[in-house]
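Here are my notes on the model you sent. Please read them with the structure open.

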Amino acid sequence: MSLFFKKLNNAGLWDKIQKLRELIKAEIYFKKRTCWNCDKDLNIYDFLNDNVDFSPEYILKLWQTSILEFHCCECFRYLKIHELKNIEKVVKERKCLFCETPIDIYKFSKFHNYLKIFELRNLWLDTNFQVFCDNLCQRKYYNDLLRFS
Ligand SMILES: [Zn+2]
Ligand SMILES: [Zn+2]
């Protein structure tokens, strides 16, 4: 939740929350949701917060779609770890293109935490995709490229 309140400083998100509130008020039947995995009550504003790039209209539309299943943050994190383990079975480690430090899928997923699991999987398994420890190694690598070309 602390993350939620930090992000509230973001004026754009605040506008989206207000807009979503109005949309919900206008809705005749607002769906109550629980996590399909652990049955915990879900909050649509958390869902908005996790998907800040979506419009409030789209968030509400997803929320109200009965064929979609949602899970809470904890279960999501757990499921993600489970998925990462599967990816790890295919390729266990890669090396930073700059410093050659071995990198595992968990570190990679932290560096690219904005990615969805299937995107992580595709990039991790793509041998042409350049893997780095962090932004620093990435920057140094490109600086060297410029210097030596
Ligand atoms: Zn759950
Ligand atoms: Zn590195």
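The points below go from the overall layout to one helix pair.

1. Status. This is a predicted model. Please read each point with that in mind.

2. Fold content. The protein has 8 helices and 2 strands. Along the sequence the order is α-α-α-α-α-β-β-α-α-α. The two strands thus follow one another, with five helices before them and three after.

3. Overall dimensions. The radius of gyration is 20 Å, well over the 15 Å that the globule rule gives for 149 residues, so the protein is more spread out than a compact globule. The C-alpha trace spans about 65 × 35 × 25 Å along its principal axes.

4. Domains. The domain assignment gives two: domain 1 covers 2–64 and domain 2 covers 82–148. Their C-alpha centres lie 32 Å apart.

5. A helix pair. Two packed helices are described by the angle between their axes and the distance between the axes. Here the pair is α2 (residues 11–26) and α4 (residues 56–64). Their axes come within 9 Å and cross at roughly 50°. That angle is neither under 35 degrees nor in the 65 to 115 range, so α2 and α4 are oblique to each other. The crossing of α2 past α4 is right-handed.

6. Who makes the contact? From α2 come Lys16, Lys19, Leu20, Leu23 and Ile24. From α4 come Pro56, Glu57, Ile59 and Leu60. Of these contact residues, 6 are nonpolar and 3 are charged, with no polar ones. The charged residues are Lys16, Lys19 and Glu57.

Note on methods. Residues are numbered from 1 along each chain as its sequence is written. Chains are lettered from A and ligands numbered from 1 in the order in which they are written. This is a predicted model: local features need pLDDT of at least 70, side-chain atom pairs count only at pLDDT 80 or more; totals for chains, interfaces and linings use all residues. Domain bounds come from an automatic or database domain assignment. Axes are lines fitted to C-alpha atoms, for helices over the stretch in contact, and angles run from 0 to 180 degrees between N-to-C directions. Helices (H or I, at least four residues) and strands (E, at least two) are DSSP runs, numbered from the N terminus. Angles under 35 degrees count as roughly parallel, over 145 as roughly antiparallel, 65 to 115 as roughly perpendicular and the rest as oblique. A crossing is left-handed if the near helix is turned anticlockwise from the far one by less than a right angle, and right-handed if clockwise. Two residues are in contact if their C-beta atoms, placed from the backbone, lie within 7 Å. The radius of gyration is taken over C-alpha atoms; the globule rule is 2.2 Å times the number of residues to the power 0.38.
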